[in-house]
Amino acid sequence: MIDVVYCQTELEHLTLSRPRKEVIKCFRTLHRTRLEVFRGDNRALTEARKRINDEFTKNRSEEDPEKIKDMLKVAEDVNKLLRMTVVQGVMKENNRIELKVTKDTVLLDSPPLPKDKR
């Protein structure tokens with residue numbers, strides 16, 4: 001009888017630990033993305049860290065697997081959005097801006113500006 005109870009408890013633990021592992025993996029992935037995307041921008045790094053930590057802390061007690069799955073999907077979408085769309089700009093001499101683009105940044109073609117707008 002003890003073995004059956006132990007197996008049920010162990011099975012429950014394994015069932016609960018899988019979503020937890022996915023949440024931790026997602027949390028770490030978002031922080032790695034933050035470090036890459038906002039490299040060199042201490043203010044953005046700090047704000048992004050705070051926002052990620054706040055969101056995960058706020059939902060820490062969630063136990064509904066469907067809600068957890070939905071939140072993980074949102075977090076994955078945010079990760080993808082950060083990697084693909086965030087571009088940092090650094091002001092250089094002559095009012096020029098140097099863009100810091102990552103390997104994941106999506107670059108789209110755009111028509112050239114008219115000469116009077118340059």
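So, in what order do the elements of the protein run, from the N terminus on? They go α-α-α-β-β. Count them up and you get three helices and two strands. Before I go on, please keep in mind that this is a predicted model.

Okay, the overall picture. The protein has 118 residues, and 18% of them are buried. On the outside, the protein exposes about 10,500 Å², with carbon and sulfur atoms supplying 55% of that area. What about contacts? If you take those with a separation of 6 or more, 46% are between residues 24 or more positions apart.

Now for the aromatic rings. How many aromatic pairs does a search of the whole structure find? Just one. The partners are phenylalanine 27 and phenylalanine 56. To describe a pair of aromatic rings, you give the distance of the centres and the angle of the planes. Here that's 5.1 Å centre to centre and 75 degrees between the planes. We call that edge-to-face, because the angle is over 60 degrees.

And where do these two sit? Phenylalanine 27 is in helix α1, which covers residues 2–37, while phenylalanine 56 is in helix α2, residues 42–58. The two are 29 residues apart in sequence, so the pair ties those parts together.

One last thing: are these rings' residues buried, partly exposed or exposed? Phenylalanine 27 has 28% relative accessibility, so it counts as partly exposed. Phenylalanine 56, at 22%, counts as partly exposed too, because buried would mean under 20%.

Note on methods. Residues are numbered from 1 along each chain as its sequence is written. This is a predicted model: local features need pLDDT of at least 70, side-chain atom pairs count only at pLDDT 80 or more; totals for chains, interfaces and linings use all residues. Side-chain values use heavy atoms; hydrogens and water are left out. Rings of Phe, Tyr and Trp (its six-membered ring) pair if their centres lie within 6.5 Å; planes under 30 degrees apart count as stacked, over 60 as edge-to-face and the rest as tilted. Helices (H or I, at least four residues) and strands (E, at least two) are DSSP runs, numbered from the N terminus. Buried means under 20% relative accessible area, exposed over 50%, partly exposed in between (1.4 Å probe, protein chains only). Contact means heavy atoms within 4.5 Å. Accessible areas come from the Shrake-Rupley method with a 1.4 Å probe; for residues, only the protein chains shown count as cover.
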